[in-house]
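Welcome to a guided tour of a protein fold. Please keep the sequence and the 3D view open while you read, and look up each residue as it comes along.

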Amino acid sequence: MKLKFLGAAKTVTGSNFFLTGDNTGIMVDFGMFQGKPEEVGLNNVKPNIDFNKLSAVLLTHAHLDHCGRLPLLVHYGFNGPIFMTEATKALAELVLHDAAKIAKEAEAKSVLYTDEDVEVILKQVSLVEYDKPFDVGDFSITFVDAGHILGSASVIAEERKTNKRVVFSGDLGNTPEPLLSPTHFVHKAHVAVVESTYGDETHGPREEVGDLVKIIKKAEMSRGTVLIPSFSIERAQELLYIFDQLKKEGKMDNKTPVFLDSPMAIKATMIFKDFPVLFSKRLKDQVKTDDPFDFPGLVVCDTIEKSKQVKNYEGVKVIVAGSGMMSGGRIIHHAINYLGDPNTQLVIVGYQAEGTLGREILDGKSSVNIWGNWINIKAEILEIKTMSAHADQGQVISWLKKIEGLEEAALVHGEELPRLVLSEKIHMELQGVKVVLPVVNQEIDLSVQ
Ligand SMILES: [Zn+2]
């Protein structure tokens with residue numbers, strides 16, 4: 001059994017791994033590289049594996065950095081099954097069509113695939129349920145709930161001949177998440193390929209609700225703008241849910257408008273509502289009598305015209321718009337309009353990769369160039385870290401400690417510093433577990449250990 005790291009190795013994005021047995025090759029995730037130009041360039045490079053050996057693809061979840069290159073499999077001649085949960089399929093369909101659309105609108109050279117490729121690849125999807133093992137050639141595969149976004153999974157591959165088990169964490173949730181069931185622990189594996197996004201951090205206690213109350217109060221007093229770049233999936237729904245609660249509790253004025261200005265977030269919210277079975281216990285109870293993502297003052301900008309009208313709206317307002325790292329999307333127009341205004345609060349609620357506009361602003365640049373416009377940043381820049389959908393160092397360590405028989409941990413999906421820090425922590429807390437810090441195209445032989 002061999003494991004090759006093809007992406008998210010020393011970087012956060014481009015998740016892609018290849019596990020081979022005697023007669024079976026399994027790809028786990030085929031995500032887009034995002035962020036720095038030299039990484040983005042890797043999207044055009046065919047992974048260095050023997051595609052004739054590829055038996056199946058397993059998708060952990062629908063984030064672009066995990067699923068974004070799947071349609072390229074059409075170009076590479078793969079016509080086998082792609083396994084994922086039903087919610088992941090619904091979200092991946094949205095994410096992939098969006099990626100095809102963005103590419104079409106951008107320069108021709110960045111077009112990786114078309115809507116037609118997306119349609120073809122979706123026909124190859126085979127749905128799986130959590131905790132129900134199924135066979136792919138030499139392997140028995142099980143998906144378990146990773147608690148990260150709707151439908152997300154950690155994937156366990158057991159080589160039937162040797163009973164050797166490899167678990168791919170996918171992205172692990174910041175359990176307990178307000179909307180989702182908790183992260184499911186994996187009780188037995190020899191090798192763990194584990195994410196390390198926040199390997200050097202400990203999230204503070206969840207204080208986003210209190211933080212948002214203060215931010216909204218301030219904006220209501222000063223008639224200012226609250227600008228929230230948000231990921232469309234999960235984060236946008238969490239924000240809607242919080243505003244719904246705040247308005248119910250009288251902590252936010254019912255008249256304060258919240259503009260949901262992201263076609264993708266609007267669609268993702270509709271998909272979310274289709275899968276109440278995946279909700280946290282509290283949310284399951286609530287949806288019996290109430291729509292937790294709808295409240296007085298919510299303005300859904302489902303057309304460009306509605307989006308353009310937002311700037312004509314005087315007075316206090318909250319704008320939730322994509323993309324989450326300000327690398328494109330409708331947030332760009334709002335950033336141009338509002339970042340120069342000291343009466344604006346820009347609230348960063350998610351991870352900002354190196355090389356993105358969101359990261360530049362968060363790192364304290366006093367002026368930024370957005371589409372040729374130099375903007376002197378006068379807005380107050382705030383960060384709410386506790387809304388992260390990713391496990392922090394302690395949560396990753398707990399997840400690893402639950403795995404009986406663990407011999408080796410390969411740290412992926414993290415920049416160099418976080419994964420080095422996590423590596424040290426594993427050495428201290430999980431004695432005897434070998435740590436690997438893979439780089440792209442590194443292959444490890446799992447049968448010789
Ligand atoms: Zn993710």
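## A hairpin of two strands

S367 has N376 in strand 18 as its bridge partner. That pair belongs to a hairpin in this predicted model, where strand 17 (residues 367-370) and strand 18 (residues 373-376) pair in the antiparallel sense over four bridges. Strands of a sheet pair through backbone hydrogen bonds, either parallel or antiparallel.

What sits between strand 17 and strand 18 in the hairpin? There are two residues between the strands, and W371 takes a positive phi near 50° in this hairpin. Most residues other than glycine have a negative phi, and most peptide bonds are trans. Keep both habits in mind for the loops further on.

## Two domains

How is the protein chain divided into domains? The domain assignment gives domain 1 as 2-201 + 389-445, and domain 2 as 208-387. If you take the centres over C-alpha atoms, domain 1 and domain 2 are 28 Å apart.

The two domains also touch: 24 residues of domain 1 are in contact with 23 residues of domain 2. On the side of domain 1 that touches domain 2, the residues divide into 13 nonpolar, seven polar and four charged.

## One sheet of seven strands

Now look for an open sheet whose seven strands come in the order 7-8-9-10-11-20-21, with mixed pairing. Its edge strands are strand 7 (134-136) and strand 21 (434-436), each of which pairs on one side only. From one strand to the next, the twist averages 25°.

Within this order, find the neighbours strand 11 and strand 20. Strand 11 (residues 191-195) and strand 20 (residues 408-412) run parallel and are joined by five bridges. At one place along this pair, E195 stands opposite V412 of strand 20. Which helix lies across strand 20 and strand 21? The answer is helix 14 (residues 416-429), which runs at about 160° to strand 20.

## Another sheet of seven strands

A further open sheet has seven strands in the order 6-5-4-3-2-1-22, and its pairing is mixed. Here the edges are strand 6 (125-127) and strand 22 (443-445), each pairing on one side only. Neighbouring strands of this sheet are turned against each other by 25° on average, direction ignored.

For a close-up, try strand 4 (residues 54-58) and strand 5 (residues 82-84), which pair in the parallel sense over two bridges. In this pair, V57 stands opposite I82 of strand 5.

## Helices that pack together

Two packed helices are described by the angle between their axes and the distance between the axes. Start with helix 13 (residues 393-401) and helix 14, whose axes come within 11 Å and cross at roughly 45°. This angle is why helix 13 counts as oblique to helix 14. The crossing of helix 13 and helix 14 is right-handed. On the helix 13 side you will find Q393, V396, I397 and L400, which meet L422, K425, I426 and E429 in helix 14. The residues of this contact divide into five nonpolar, one polar and two charged.

Next come helix 7 (residues 235-248) and helix 8 (residues 263-273), which pack at an angle of about 75° with their axes 9 Å apart. Because of that angle, helix 7 is roughly perpendicular to helix 8. A236, Q237 and L240 of helix 7 make the contact with A265, A268, T269 and F272 of helix 8. How many residues of the contact of helix 7 with helix 8 are charged? There are no charged residues here; the contact divides into five nonpolar and two polar.

## Loops with a surprise

Let us finish with some loops. Where is P176 placed? P176 is in the loop between strand 10 (164-168) and strand 11, and the peptide bond from T175 to P176 is cis, with omega near 0°.

The loop between strand 15 (317-321) and helix 11 (331-338) holds S323. The peptide bond from G322 to S323 is cis, with omega near 5°. M326 also has its place in the loop between strand 15 and helix 11. Phi of M326 is near 60°, a positive value in a residue other than glycine.

Definitions and conventions. Residues numbered from 1 in each chain as written. Predicted model: local features only at pLDDT ≥ 70, side-chain atom pairs only at ≥ 80, totals over all residues. Pairing = 2+ DSSP bridges. Axes fitted to C-alpha atoms, helices over the stretch in contact; angles between N-to-C directions. Contact = placed C-beta atoms within 7 Å. Domains from an automatic or database assignment. Nonpolar A, V, L, I, M, F, W, Y, C, P; charged D, E, K, R; others polar. Parallel < 35°, antiparallel > 145°, perpendicular 65-115°, else oblique. Left-handed = near helix turned anticlockwise from the far one by under 90°.
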